[in-house]
Amino acid sequence: MGKIVIAIDGYSGCGKSSTAKAVAKDLGFTYIDSGAMYRATTLHFLTNYLSPSNPHDVEKGLKSLEITFQINPDTRKQETYLNGLNVEDEIRTMRVSERVSEVATIKEIRKELVAQQQRLGRKKGVVMDGRDIGSVVFPDAELKIFMTADLETRAARRQQELLEKGELVDLEEIKKNLAERDRVDSSRAESPLAKMPDAIEIDTSKLAFAEQVAQIVGLAKEVIKKEKDYAGNH
């Protein structure tokens, strides 16, 4: 199977992350989990008593930071490694959760993690989702997807997700929150959410989860086949 880079961008509540994970699993690719990367960085700073608000500490922390992903052969699940050590369980603890937002806002840290994501992408066979993956992280990705869905559908899905976690939130409140996130994501100065001209738009409003995954896997296989045919003729 040939290997390509798949960049998935789109609005909040479209199911980007769960779709990206399922696509990666289907294709045997690595899912670059940016959330896990920020959590691993937070753990690195906590373990080494470094403060993200101290520029000297940030510089020191970033010099000794390497994050990679590996598939666990027993569970077939992807796990996060920090400087060669499996930290999958540790990065999900409360002490990391409480500090991750603070770490994620530091510009130098974001810049370093984008550089690490780009290094992971050089090996190909990766899937990543976010707001600026096709525009900033992987502008040369062989397949760019832009996921969208109408506000009603996204709000209903988000409400269902919250219900499953035992939280009952008013639909109007969720709609308001999503609309505000759309506005902020699309108008921010640093890497705004935007559909790239070479991205394929997928409206998931009327698609079941399995359908949206199958659609992207199908597109990926087409791109891989084209790449193989091109290589075979040159």
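Which side chains meet in a salt bridge at 3.6 Å, N to O? I will start there, and please keep in mind throughout that what we are looking at is a predicted model.

The residues in question are Arg158 and Glu161, whose side chains meet in a salt bridge with 3.6 Å from N to O. Both of them belong to helix H8, which covers residues 151–164, and because they sit three residues apart there, about one helical turn separates them. As for the surroundings of the acidic partner, Glu161 has a relative accessibility of 41%, so it counts as partly exposed.

Let me turn now to helix H9, residues 171–187, where Glu172 and Lys175 are again three residues apart, about one turn of the helix. Their side chains also meet in a salt bridge, in this case at 3.4 Å from N to O. If you ask how each partner is placed with respect to the surface, Glu172 is partly exposed, at 48% relative accessibility, whereas Lys175 comes out at 16% and, since the cut-off for buried is under 20%, counts as buried.

Elsewhere in the model, salt bridges with shared partners link Asp33, Glu88 and Arg92 into one network. In general terms, side chains of opposite charge can pair when their charged atoms come close. The structure as a whole holds 14 salt bridges, and I am showing you some of them here.

One further example is Arg119, which forms a salt bridge with Glu112, with 3.5 Å between the closest N and O atoms. Arg119 is itself partly exposed, having a relative accessible area of 41%.

Next, consider Gln116, which is found in helix H6, residues 107–122. Is Gln116 buried or exposed? With a relative accessibility of 3%, Gln116 counts as buried, and if we leave out residues up to four places away in sequence, Gln116 touches Met37, Leu65, Glu66 and Ile67.

Finally, a word on the aromatic residues, for which the count comes to one pair. That pair is formed by Tyr11 and Phe146, which are arranged edge-to-face, with 5.7 Å from centre to centre and 85 degrees between the planes. Tyr11 lies in the loop between strand E1 and helix H1, while Phe146 lies in strand E7, residues 143–148, so the pair ties together parts that are 135 residues apart in sequence. The two rings also have their own accessibility values, since Tyr11, at 24%, counts as partly exposed, and Phe146, at 5%, counts as buried.

Terms used
Residues are numbered from 1 along each chain as its sequence is written. This is a predicted model: local features need pLDDT of at least 70, side-chain atom pairs count only at pLDDT 80 or more; totals for chains, interfaces and linings use all residues. Side-chain values use heavy atoms; hydrogens and water are left out. A salt bridge is a side-chain nitrogen of Lys or Arg within 4 Å of a carboxyl oxygen of Asp or Glu. Buried means under 20% relative accessible area, exposed over 50%, partly exposed in between (1.4 Å probe, protein chains only). Helices (H or I, at least four residues) and strands (E, at least two) are DSSP runs, numbered from the N terminus. Contact means heavy atoms within 4.5 Å. Rings of Phe, Tyr and Trp (its six-membered ring) pair if their centres lie within 6.5 Å; planes under 30 degrees apart count as stacked, over 60 as edge-to-face and the rest as tilted.
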